[in-house]
Amino acid sequence: MAQCEIKFDRNPYGVYLAGQTISGQVELNIFKIKKVRAVTLRIVGYAKCRWTESDSHGTRGQTRTTVYHGREDYLASLTDLVGRSQDGSTIELAPGMHSYRFTCDLPHQLPTSFEGSKGYIRYYVIVALERPWKFDQKFKVAFTVLKQFDLNFESPVLRLPCQVSMERSFCCGPCKTGPISIIAHTSQSGYVPGQMISVHAEIANASTVKVEEIRFSLKKLIRYTSQTPRTKTKEETLTISEGRISGMKKKQSGKFEQHLQIPPLPPTSVSLCRIITISYEVKIEAKVSGAHLNPVVKIPITLGTVPLRDNVYNVVPGTQGIQPPIQMEPILNPISHPSSDQNLPPPSYEECIFGTVQVKDDEDDEKTVMSCTKYAPRYPVYNCNNWPKTGVQDENKPIGFIINPADVPPNHNHSVQAAVPQLQPHDYPKEMGLKGCQIVLDNPWNTYYAGQTINGKVEFTFDSPKKVRGILIRFLGEANTSWEEREKRQDSEGKETEEITHLSGHEEYFQIQYYLLGGKNSGEIELNAGTHTYPFTCALPPTLPSSFEGEWGHVRYTVKVTLDRPWKFDQDSKMAFTVISPVDLNLNPRVKEQFKLDLEKSFCCLCCRSGPLSAIVIVPVTGYVSGQVIPITAECDNASNVRVTGIKIHMRKIISFHTHQPRRETKKDKVNISEVSGGAVEPGGSNTWTFKLEIPPLPPSNLVNCGIIDVDYDLKIVVEVAGAHRNLEGKIPITLGTVPLADFKPPAPYSDEPPQDPSMLPTQPVSPASPPETGGALGWSITDSGGHQLYPNIPPPTFAESSYKSPSIANKEDTQYTRFMGDNFAPRYPTYAFNPTAPPTANY
């Protein structure tokens, strides 16, 4: 048997910031010669969650237990302390002490260590003796990682007072009492462990119900999200600290203040880990008598690792008994000083208040030796000493006093508000110095073919000098699908619950980013007040799918410019542009053919069978472009004894959205684009109609190179009949392109083999044409390899917006400091205007 001790350099508690370098020494004590293949050291980090739920199923009410679990890996570093021999032979370790140094750079985006009842985020150092023909022997130690959360660099709203209010009335039979109103506020919403939260509440009881007690509590909200067998969330609420004050009688009101201490806790985390999120809130509850619901208000709180500079020394008088900080050096050569305030005392690093946990997991066996079987993550705790007076408490009256009924404040509707308006996504705070940002493309319609090059410029206007590390531009092309499905289930007690599953799909087509100014590792650059212009260029890949916006998904292309600012939140400006994947109908012989649809049916009435009802619908070709009019000829011959009330022809867009996570699903959406209709046909009669159906700006068919969204078109023909009979229906497939048919040749010979559709491939070369002298849209010339126009008789298109507009182009990476250029976005598609719009209808 061997013994192993894993030591961290000058860090007895093993606490590190994400982005730092972890280093230490492995001391391996061998008592007798030991044969090994290698001695390895792994440094790993991952998150896990797991829970079970039982429900009843089947006719006999059998109980079924489902295990939900999820996992995310963040770190996996492997080093051979004793290397493997080239010939695969074993290595002998002599008896005695063997020492090995190790080092590992931690990634900057690691989530903070966390331990919960249904999941955890853990980091380990694991030393393994790989032994031939035997179980490997492992030695394992856990350490803490902290993702720095400096409140000074987050939203300025964190340092502002936050106020919430609500009002509740009670009913007793036909009578309704007066309301109980609560107005509560805190002096700020950003805190760190070691501080005290001063909560002030004004409660006016105009009801006939007694308030027995007022409860103040700090709550920790944990959300676990499973990945298998499906996406499901489990929420857990823990009470961190609590204070209670005697209540009040009916028709009274009072002002109350309570101080809630913040013990060692992990910071607020809602983004770095997708399966475990942590948030906090202060809850004020008025416990009322009887079987009434208690009035409750909640104030969201953000917990960080570095306090706000103006509020760091806050404690409540009389609480100086807090333990002094442990003098240790857990953070060596930090990636950033916790605060620019050099007077800020260093924090202690104390174990989480929920105590130690058993860190052996399902990956360990009996041969795994834990350096310490019990583990608790450590979090920074500040020893503050002077709490300033805050809030609106009257100094001449004791905390929790009762005032006269005449002092009851006016009724307040339920509301949650901050002391200042929240920042809107398109607004920059005035103190930021950025007055405006414009992204200007070289195309007035912001529309490009796949394979073209985008040129443009960014114009910044500053009303004061601005310090930046750089200016970053990013071009992104991606597709996303998303929707929710609801399913009702019964638990073991027969209670019916509704389960919500979030389904999603994602594809990324390209991402190009570079700095227009400075760089990631550049020093500070000061930009003077005024306007600064930076040109840019980006070559689009030739195989991009066309832009598309729909209810449950989109194919979207964006350009985003970021002011990369050291020690402050970045400022972004973002806009969307349109990409068109060319679909040249002239390359597809199938769409040049006439399509004739024959429909027929008979009606039965008891033992009698009527004559047939038949309809013929003809379109000259099946390939069109936006702006054209489809000429349709329809004939109805009614040899039946059932009256035809009318004929309708709809042009439909059929969209199929596909998801991959947590399972593959498809949702179809059928949208009526336009419609024409004809009149009635009596029994024994016939009629012929000629319709013209206009095509608005639409995306081309099929969205080539997109695997999660399909777009198709057809003409649906419905011959409506009277009575309880089914209508006569049929469909004609339609292909929508971006280049119209130039002329019409005889149909291609029929083949049973499915033809390759060359119109769905980008036409090359594609180059922008000069704008016409009379103004108007910027067109494109379709040329051959010699530069000659392939279709000189086709006029250039305009580029018109589609009817469907996306309400927002924001995604999960955008913040409240992202400014969006344009309230809504609608892709633009090539739209033609020429006469005639299609060849004449052939006789049949």
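Me: In this predicted model, what is the order of strands in the open sheet that includes strand 28, and how do they pair?

Reply: Happy to walk through that. To read a sheet, list its strands side by side and then ask about the direction of each pair. Here, three strands form an open sheet in the order 28-30-35, and the pairing is antiparallel.

Me: Which strands stand at the edges?

Reply: Look for strands with a single partner. Strand 28 (434–441) and strand 35 (530–539) each have just one partner strand, so one side of each lacks a neighbour in the sheet. From one strand to the next, the twist averages 15 degrees.

Me: How many bridges join strand 28 and strand 30?

Reply: Strand 28 pairs with strand 30 (residues 453–462) over seven bridges, in the antiparallel sense. To find your place in that pairing, start from valine 440, whose bridge partner in strand 30 is lysine 457.

Me: Let me try the sheet with the order 1-3-8. What should I note about its pairing?

Reply: Go through the same steps. This is an open sheet of three strands with antiparallel pairing. Its edge strands are strand 1 (2–8) and strand 8 (96–105), each pairing on one side only. Neighbouring strands here are turned against each other by 20 degrees on average, direction ignored. Strand 1 meets strand 3 (residues 21–30) over seven antiparallel bridges, and glutamine 3 stands opposite asparagine 29 of strand 3.

Me: How do I read the two faces of a strand, and which residues cover those of strand 25?

Reply: Sort the residues by the side they are on, then check burial on each side. In strand 25 (residues 378–381), Arg378 and Pro380 are on one side, Tyr379 and Val381 are on the other, and all of them are buried. The strand also pairs with strand 21 (residues 348–351) over four antiparallel bridges. Within that pairing, serine 348 stands opposite valine 381.

Me: What does the whole chain look like in terms of helices and strands?

Reply: The count is zero helices and 52 strands. Half is a handy figure for burial: of the 844 residues, 50% count as buried. For contacts between residues at least 6 apart in sequence, 74% join residues at least 24 apart.

Me: How should I read a salt bridge, and how many are found in the whole structure?

Reply: Side chains of opposite charge can pair when their charged atoms come close. A search of the whole structure finds 28 salt bridges. Take lysine 232 and glutamate 53, whose closest N and O atoms are 3.6 Å apart. Lysine 232 is in strand 17 (residues 232–248) and glutamate 53 in strand 5 (residues 38–57), so to speak distant parts of the chain, 179 residues apart. Lysine 232 is buried at a relative accessible area of 12%, whereas glutamate 53 is partly exposed at 22%.

Me: Which parts of the chain does the salt bridge between aspartate 564 and arginine 469 tie together?

Reply: The closest N and O atoms of this pair are 2.9 Å apart. Aspartate 564 belongs to strand 37 (residues 553–564), while arginine 469 lies in the loop between strand 31 (466–468) and strand 32, so the pair ties together parts 95 residues apart in sequence. Aspartate 564 counts as buried at 9% relative accessibility, and arginine 469 is partly exposed at 25%.

Me: Is glutamate 478 buried or exposed, and which side chain of opposite charge is nearest?

Reply: Burial and charge pairing are separate checks. Glutamate 478, in strand 32 (residues 470–490), is buried yet has no salt bridge; lysine 574, the nearest side chain of opposite charge, is 6.1 Å away. Beyond four places in sequence, glutamate 478 touches several residues, including His506, Tyr509, Arg556 and Asn811.

Me: Where is the pLDDT below 50?

Reply: Start with the chain as a whole: the mean pLDDT is 79, and 78% of residues reach 70 or more. Over residues 386–431 the pLDDT is below 50, although this stretch has 84 contacts in the model beyond near neighbours in sequence. Residues 836–844 also stay under 50, with 20 contacts beyond four places in sequence. Where pLDDT is low, the predicted coordinates should not be read in detail.

Definitions and conventions
Residues numbered from 1 in each chain as written. Predicted model: local features only at pLDDT ≥ 70, side-chain atom pairs only at ≥ 80, totals over all residues. Heavy atoms only, no water. pLDDT = per-residue confidence, 0-100. Contact = heavy atoms within 4.5 Å. Buried < 20%, exposed > 50% of the residue type's maximum accessible area, 1.4 Å probe, protein only. Lys, Arg positive; Asp, Glu negative; His and termini not counted. Salt bridge = Lys/Arg side-chain N within 4 Å of Asp/Glu carboxyl O. Pairing = 2+ DSSP bridges. Axes fitted to C-alpha atoms, helices over the stretch in contact; angles between N-to-C directions.
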